[in-house]
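Colleague: Please take a close look at the salt bridges for me, and at the surroundings of their partners. I am new to this, so go slowly and explain each term.

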Amino acid sequence: MAKDKSTKEPGRLKQMWQVFQMTRRYDDRAVLYIVLGAVLPIILGVLLAVFLSGGNVFTMVLWILAGVLAGVLIALIILGRRAERAAYSQIEGQPGAVGAVLRSSLKRSWRGSEMPVAVNGKTQDAVYRATGRGGVVLISEGPVTRTKRMIDEERRKVNRVLPNVPVTVISVGPDADSVPLHKVPRTLAKIKPTLTKAEVLAISNRLQSMENQMPIPKGIDPMKVRAQRAR
């Protein structure tokens with residue numbers, strides 16, 4: 001049975017147009033940067049065609065075509081980055097924003113989860129964790145004055161099970177020295193690699209196993225717990 005046209009996903013060009021419209025709505029400078037990124041390489045290609053082609057029409061066409069292709073490519077790159085920044089601006093300051101970044105924007109050399117490793121139920125402040133060749137990174141979401149205690153506790157946990165692994169702390173919040181939400185992936189990428197891929201995998205598995213160890217409630221002897229009878 002043929003699919004209903006109304007339920008089909010939009011084509012690539014339509015998707016790009018929708019992304020452009022969204023970006024323009026939330027980023028006043030996006031159009032200027034995109035236009036400059038497209039026009040400048042074309043102008044450069046034309047100038048190179050005039051001065052370096054030696055009157056050869058074929059060479060002139062190649063230079064101009066190269067300028068057009070470069071302009072389109074640069075414009076698409078700028079659109080992608082500005083669109084990502086505009087999207088992050090819509091969730092910045094909301095609980096779980098850091099988790100959304102870790103889920104969608106981390107490079108392959110980093111591992112992160114959208115679920116926090118620590119949460120303050122009253123303030124909704126949270127701490128997230130990422131592992132990569134730069135070690136373990138703890139990312140706080142909220143004011144530093146409120147997240148410092150959780151960060152210190154999570155750092156102690158990591159140091160206890162991984163004493164020789166470097167731990168870096170990143171703050172995402174309203175503080176002046178905090179990292180903007182859209183710069184979190186870039187900040188992780190700037191951390192100097194000190195571990196191999198195999199070590200990263202081992203560290204990630206070790207931390208995961210630590211999370212899976214559920215504490216036994218006080219006052220209960222696990223040796224005396226009886227299995228429930230089948231009804």
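Modeller: A residue is called buried when its relative accessible area is under 20%, exposed when it is over 50%, and partly exposed in between, using a 1.4 Å probe and protein chains only. This is a predicted model, in which local features need pLDDT of at least 70 and side-chain atom pairs count only at pLDDT 80 or more, while totals for chains, interfaces and linings use all residues. Residues are numbered from 1 along each chain as its sequence is written, and side-chain values use heavy atoms, with hydrogens and water left out.

A salt bridge is a side-chain nitrogen of Lys or Arg within 4 Å of a carboxyl oxygen of Asp or Glu, and the structure holds five of them. In one of these, Glu114 and Arg103 bring their side chains together with 2.8 Å from N to O. Glu114 sits in the loop between β1 (110–112) and β2 (118–119), whereas Arg103 belongs to helix α4 (residues 97–104), so this pair links distant parts of the chain, 11 residues apart. Such helices (H or I, at least four residues) and strands (E, at least two) are DSSP runs, numbered from the N terminus. Glu114 is partly exposed at 39% relative accessible area, and Arg103, at 52%, counts as exposed.

The helix that carries Arg103 is itself mostly covered, with six of the eight residues of α4 buried, among them Val98 and Leu102. What covers these buried residues, through contact (heavy atoms within 4.5 Å), includes α3 (57–91), β4 (135–141) and α6 (184–189).

Another salt bridge joins the side chains of Asp125 and Arg146, at 2.6 Å from N to O. Because Asp125 lies in the loop between β2 and β3 (126–132) and Arg146 in helix α5 (residues 144–161), the pair ties together parts that are 21 residues apart in sequence. The two partners can be described separately: Asp125, at 3% relative accessibility, is buried, and Arg146, at 40%, is partly exposed.

Helix α5 also holds a salt bridge between Asp152 and Lys148, whose closest N and O atoms are 2.9 Å apart. Both residues lie within α5, four residues apart, which is about one turn of the helix. An α-helix has 3.6 residues a turn, so residues three or four places apart point the same way. Asp152, for its part, is partly exposed, with a relative accessible area of 24%.
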